[in-house]
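User: I would like to go through this model with you, one question at a time. Please give the reasoning before each result.

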Amino acid sequence: MSNYLGNYSLYIALIASVYLIFKSYLDANSENKYLDKNFILITSIQTIMITVSFFSLVAAFVISDFSNETVFNNSHTLKPLFYKVSGTWGNHEGSLLLWLFVLSIFLFIFLLNSRSQDTKYKLLTILFQQVIISGFLVFILLTSNPFKTLYPIPSEGLGLNPILQDPALAIHPPILYLGYVGTSIIFSASLASMISGNIGDKWARHIKKWVLVSWVFLTIGILLGSIWAYYELGWGGFWFWDPVENVSLMPWFCLTALLHTVIVLQKRNSFKEWTIILSITTFSLSMSGTFLVRSGILNSIHTFANDPSRGLFILSFLFILILMSILIFFFNQNKISNAAKENFILSKETAILVNNWFMMFFLSVVLVGTIYPIFLEVLNGSKISVGPPFYHNLLIPFLIPFLIFMSFGPSLKWIKDKLKKFNYNILIIFLVSLLISYVILTKTENSFLLSIPLIVLSIYLLLVTIKDFFVSRSSISQKISHFGFSLLITSILLNGLFSNEFNSNMKVGDERIFNENVVKLKEVNVTDVDNYKSLKASFEVTNKNSSFALYPEVRIYQQPLTITSEADIKTTLFSDNFLVFNILKDDGYYNVRYQYKPLMIWIWISTIFIGFGGLLSVIRKNEQKY
Amino acid sequence: MSKNIKFLGLLLTLIIIFIILLKGLNVSKDYSNEKLKSKIDFSLNAKKLFSDEIINISDLFDKNSSSVVNIWASWCAPCREEHQFLMKLKDMNINIIGINYKDSPKNAKIFLSSLGNPYSEVIIDNDGTKSIEFGAIGVPETFIISGKTNEIIKKYIGPLTRENLIEIKNLLKKNA
Amino acid sequence: MYGKKVKFRALFIFLILISLVLTIFLVVKSLEENVVYFKSPTDIKNLNEIKNAQKIRVGGMVKKNSIKINDKEIFFVITDFKNELLVNFNGSVPNLFEEGKGVVAEGFLKDKSFLNADKILAKHDESYMPPEVSEAMKNN
């Protein structure tokens with residue numbers, strides 16, 4: 001029943017989409033002053049239909065309706081309700097339906113929120129957005145229909161993959177998609193504003209909200225993915241430069257650049273073309289992310305079912321959209337009026353340009369690292385992978401100038417600033433950061449040369465952003481985000497420099513010495529829990545003054561046979577102690593990995609600060625002072 | 001003028017990227033290959049699904065003709081998809097031996113009783129070791145094995161399609 | 001005023017070009033140094049020379065009865081059913097590291113029959129084999 005409901009709602013939504021495309025195209029070419037009432041009506045119908053479709057899939061998951069193939073493949077009656085619901089978007093078909101659902105909801109909100117805008121601009125935004133929606137509808141109906149039925153109806157589903165049962169992973173895709181889909185509105189709106197010629201400060205104020213919303217969701221989405229990898233995968237890291245991770249980071253760089261550029265557009269009415277280019281690029285990168293992940297073209301540690309025909313569809317669709325936007329860009333470029341403006345080197349505009357340069361540089365590095373293996377394989381057949389050293393070698397040296405710029409760029413004035421007289425505050429802060437870094441660095445014998453300026457500068461920036469809370473005139477949201485960012489950089493650097501680990505094969509009763517601690521494997525208890533066998537190890541870590549216990553676990557699931565390691569992590573404000581073990585051949589040895597990771601929790605906290613700053617800016621209505 | 005050049009340049013780059021990605025899509029990501037193992041070790045013993053009796057694998061094969069071996073599991077969705085084609089093969093009086101891969105016998109029996117049983121015999125491979133002998137890594141996979149030489153004549157990775165049926169029939173006729 | 005603007009623009013374009021060239025140079029250089037090539041044991045046997053500084057990935061099956069364990073290290077043999085390679089590894093193994101299963105080891109070659117691995121990779125999915133492995137096997 002829910003299968004038919006879901007399926008036919010999608011067809012009705014497609015019909016609505018086609019109608020809206022034609023209608024908005026025709027109306028945009030006529031000189032209508034007002035938006036036809038039908039638009040709101042038909043868009044509402046479409047949104048309702050897609051909502052119905054989405055929730056009928058959710059319902060099928062909740063009641064474990066195995067006559068639905070998607071449910072059969074991805075759910076199981078024994079799953080907790082929470083994971084049944086999250087299973088809806090934990091698979092290819094469902095995640096696309098979620099994409100579509102968010103797309104239509106966002107367009108609806110956009111219509112409600114843009115009453116004061118020019119009619120032609122609104123019509124064109126509807127047109128482009130409906131092109132995207134119809135593309136997704138056709139894609140879903142042709143290649144990835146989540147409402148395929150099975151007969152005879154199986155008695156039990158297959159989806160009990162324990163690795164995927166994690167709260168962070170359950171909400172990670174929807175949050176990330178909210179970010180991705182938000183960029184589609186920016187894309188459609190910037191193309192529309194280009195054609196209708198209303199691009200300028202007023203438009204910037206209107207679109208800034210969407211930029212911020214997408215950026216906040218994308219930030220939090222990336223954070224959740226990273227948290228999942230750290231707690232669930234048990235590799236003891238939060239970022240692996242895996243292609244699937246990279247594709248979410250690339251639009252983030254682009255969107256961060258856009259976030260800053262759109263402010264220039266709003267305040268100074270310049271950077272118009274660049275804003276459009278960034279909007280197009282951001283959305284293209286979000287779509288490419290979907291393409292790269294869903295087509296199976298990537299060699300990633302995260303595997304997804306792949307199907308070339310799906311890849312072909314997304315690829316073609318993506319290129320049609322890019323082609324369309326390039327055509328629109330080139331043929332409407334003359335409509336952009338860039339009034340001659342004076343530019344001075346020392347100004348906020350330049351600082352934002354520099355910010356954009358860095359974002360584009362980071363983006364290019366990640367882009368090359370991600371797609372180079374695909375290109376090389378096609379061109380000469382060699383199989384390669386690009387490892388973390390590639391990214392580190394290219395990104396870390398550039399952090400030094402980046403940190404310097406970020407420490408003074410945000411406080412520059414618009415149009416023209418003067419070199420200030422020697423500022424004692426700055427000197428004091430710099431000396432304090434030197435002192436702190438000295439104390440930190442004496443505690444380690446790190447031979448990495450760049451680490452000295454990096455630590456000094458990141459601590460300096462951290463202190464500057466704290467100082468800004470008291471003296472700077474900029475908005476509170478910017479202060480919070482910038483503070484969060486400097487905290488993130490500092491935590492990542494210190495974490496990277498001071499993390500250490502040992503790997504060993506241990507038998508019960510063995511002891512190893514690590515970081516002046518004694519690590520002892522006391523026992524391993526084997527028990528049968530619901531649907532898996534549990535091997536719970538008990539480790540004791542003793543140092544001079546104190547001791548604590550860690551209980552990592554290995555779970556062996558049958559049907560299908562899956563082994564997972566549950567790390568045990570002792571978290572304090574200063575450091576994480578991470579212990580994970582694994583079974584080897586049956587001769588009593590266990591493979592043990594113990595990691596000491598300082599400031600781990602601050603990586604999560606600082607990212608929340610970054611996102612919170614953005615959120616505050618969305619909520620606060622009169623965020624004019626920037 | 002320079003605008004047109006810029007435009008064409010961009011267009012050309014895009015097309016090149018498109019073609020490369022398109023080719024990248026078709027680069028094979030199959031799970032295993034045809035020449036992984038060419039001969040089957042027939043001395044293996046295995047348990048039957050329906051009778052719990054332990055037999056030697058060689059007993060399953062007809063020495064004078066070729067047989068089809070299909071590796072499947074009730075939890076595998078593509079297996080469900082290809083099942084109709086296996087039933088068609090059965091209707092053509094072709095001998096199909098099933099290897100039930102990492103499955104529970106209960107589920108496997110339910111699967112066969114609801115969709116039909118195309119196999120002349122099903123053996124149990126609860127830990128995946130027997131399938132490895134065939135060089136299989138995932139499910140479903142289908143092999144054509146010569147009864148005379150014990151050699152793998154042909155291997156299909158992933159679910160069978162309608163086109164494969166005719167090919168299988170011809171191969172069996174040729175190697176009869 | 002006009003002259004100043006043109007000058008600014010020229011400087012701007014110049015800076016962009018310089019940074020573009022610099023970026024490309026750095027990216028290409030770093031790629032050359034940090035790319036990890038994928039080989040099968042047979043590929044390694046057929047190598048003419050061994051670059052000690054070049055990191056590689058080797059894919060194949062863990063040979064049956066080949067895993068040896070002591071307090072610190074794990075030894076095992078990777079096979080593609082044609083040639084074999086002895087691997088020594090000190091680190092944490094993934095959940096699916098078993099004899100008779102596919103494996104990818106990353107590290108430095110000591111000679112044509114010995115790999116010092118610092119990482120062992122596996123995939124989430126138990127019926128999954130890294131495409132690299134199947135590709136390497138296919139080529140033999």
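User: How many residues lie between E3(A) and E4(A) in the hairpin that they form?

Analyst: This is a predicted model, in which local features need pLDDT of at least 70, side-chain atom pairs count only at pLDDT 80 or more, and totals for chains, interfaces and linings use all residues. Residues are numbered from 1 along each chain as its sequence is written, while chains are lettered from A and ligands numbered from 1 in the order in which they are written. Strand E3 (residues 511–514) and strand E4 (residues 517–529) of chain A pair in the antiparallel sense over four bridges, where strands are DSSP runs (E, at least two residues) numbered from the N terminus and pairing requires at least two DSSP bridges. A:Asn515 in the turn has a positive phi of about 50°, and the number of residues between the two strands is two.

User: Which residue in E4(A) stands opposite A:Ile513?

Analyst: A:Ile513 falls within strand E3 of chain A, residues 511–514, which pairs with E4. The residue that stands opposite A:Ile513 in E4(A) is A:Val518.

User: Which helix gives the largest share of the largest nonpolar core?

Analyst: A nonpolar core is a set of buried Ala, Val, Leu, Ile, Met, Phe, Trp, Tyr and Cys residues joined through C-beta atoms within 7 Å, and buried means that 20 or more other C-beta atoms, placed from the backbone, lie within 10 Å of the residue's own. The largest such core has 191 residues, and A:Leu100, A:Leu103, A:Phe136, A:Val211 and A:Cys254 touch the most other members. The largest share, 19 residues, comes from a helix (a DSSP run of H or I, at least four residues), namely residues 201–233 of chain A, helix H8.

Methods. Buried ≥ 20, exposed ≤ 12 C-beta atoms within 10 Å, placed from the backbone.
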